[in-house]
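Reader: I've got a model open and I'd like to learn how to read its empty spaces. Can you walk me through them?

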Amino acid sequence: MSSPVEWRPDVLGPGFQQATLALAPDGEGDVVATLVRFEPWPRLADLRPGHPAEETDVLYVHGWSDYFFQTELARFWHEQGARFFALDLRKYGRSLRPGQTPGFVDSLDTYDEDIEAALEAMGHGEHEHPRRAPHRRLILMGHSTGGLTLSLWADRHPGRAAALVLNSPWLEFQAHSAGRAMISPFVDLHARLDPKAAMPNVDLGFYTRSVSRTLDGEWDYDLTWRPVRGFPVHPAWLTAVLAGHARVATGLAIDAPVLTLLSARSTLLPYWTDDMLNSDVVLLVQDIAVRALRLAPTVTVARIDGALHDVFLSREQAREAAYREVVRWLRGALSASRPAAGRGPLAGRGPLGGRGPLGGRGPLGEEPPLSGSSRTGGPRPGRRPSAGPSSPGGRPGSSS
């Protein structure tokens, strides 16, 4: 059986709870991870059959200098019939303790302990798989560095996950494989001499500007847990990430279907431009699209016109296109039963339960081509995304 955990209210408000997961201490003291779950009050719509993610649990893992606050994403997965969980890794967000170096590890394999603790609390512990029947399916979802971490984990742990959904995974260094090979020996040497030295900060704050409601974005979140220019980068941490990139470059063999969601374009410049409001300002998305094909035998790459680095923090039009791609992919990847046209969980509702681009005729039935989205060839022409929806309260993670 799973070890009992103590759930308590989370900072995201009603429906969200958190549990602290004790991990082995390290040189900085006690270490914990934090599991967040979304359990809203049940509705009659939740009892209808035919949800594409029925009998499925989702575990979301954030990226670098980040934590979980994407309440809309949790509601989307709930609409698909899944139980949604998110993990704040050690030394991030809810799991960061005084005196700790934010986000620091010297190997991405260190997160095996965090992930296993979360899966144990969810009922997907290693000792419960695969003998427990019936066993709920597990979908792993990772953003940026979290996507890299989960890809490597799934490769090392075959048979555990039914599918992976990767949201702009950081699968290759921004200077390409040649640049990675060039700098790796120097970063590694620096890591051996002073593993926690502060490296030059190349984050100019443009990504925060495109996301945060305090600037040009539309999302509220804790700027202490997700700073404007990110956490300081340390050589030992960067060495760990570069080692992960090298492993991906040689090819992984994940035994589950993989969906990779990316923006249609990148804008990596040393000065601000409004193009940064509808493109990825962190990664070279074309390189990531190519690298994604080395993750598994079955990989789908969806390019979303107007998407930001975190696709699900983009403007509403791009977000809805991404949600449609996920639903369409789920119905094939999980072989879920199809609801009758116009009667399924998405009929007449967007991911938050109101009418929106997912309502009525969407990816479940006789839909027109997806505007701004392509699986193989890049974006179709489309309008600039409109402003996102509002939600009351102003709590961390709410849009406004």
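Author: Sure. One term before we start: a helix here is a DSSP run of H or I with at least four residues, and helices are numbered from the N terminus. Keep in mind that this is a predicted model.

Reader: Okay, let's use that. Which helix gives the largest share of the lining of the largest cavity?

Author: Helix α3, residues 145–156, with three residues. The full lining is H62, G63, W64, L89, Y92, Y111, T145, G146 and T149.

Reader: How much space lies in that cavity, and how many cavities of 30 Å³ or more does a search of the whole structure find?

Author: The general idea is that a probe fits inside a cavity but cannot get out. In this structure the search finds one of 30 Å³ or more, and the largest cavity holds about 40 Å³. By class, its lining has four nonpolar residues, five polar and no charged.

Reader: Now the open spaces. What is the volume of the largest pocket?

Author: A pocket, unlike a cavity, is an open set of points. The largest one here has about 1000 Å³ of space. It is lined by 40 residues, and the closest to its centre are W64, Q174, V202, D203 and V282. W64 also belongs to the lining of the largest cavity.

Reader: Which helix gives the most to the lining of the largest pocket?

Author: That's α5, with three residues. Both α5 (206–211) and α6 (235–250) supply at least two each. As for chemistry, the lining has 24 nonpolar, twelve polar and four charged residues.

Reader: And what is the volume of the second largest pocket?

Author: About 320 Å³. Of the 17 residues lining that pocket, H78, G81, A82, R83 and R136 are the closest to its centre. Strands β3 (29–38) and β5 (83–88) each give two or more residues to the lining, with β5 giving the most, three. The class split is six nonpolar, three polar and eight charged.

Reader: Let's zoom in on H78. Is H78 buried or exposed?

Author: The cut-off for buried is under 20% relative accessible area. H78 has 17% relative accessibility, so H78 counts as buried. The residue sits in helix α1, residues 71–79.

Reader: Which residues does H78 touch, leaving out those up to four places away in sequence?

Author: F38, P40 and D46. So on your screen, try picking out H78 in α1, then those three contacts, and then the centre of the second largest pocket, with H78 among the residues closest to that centre.

Notes: Residues numbered from 1 in each chain as written. Predicted model: local features only at pLDDT ≥ 70, side-chain atom pairs only at ≥ 80, totals over all residues. Heavy atoms only, no water. 1 Å grid on protein atoms, 1.4 Å probe; cavity = no way out; pocket = protein on both sides within 12 Å on 5 of 7 lines; lining within 4 Å. Points joined across faces, edges and corners; volume = space filled by probe spheres on them. Nonpolar A, V, L, I, M, F, W, Y, C, P; charged D, E, K, R; others polar. Buried < 20%, exposed > 50% of the residue type's maximum accessible area, 1.4 Å probe, protein only. Contact = heavy atoms within 4.5 Å.
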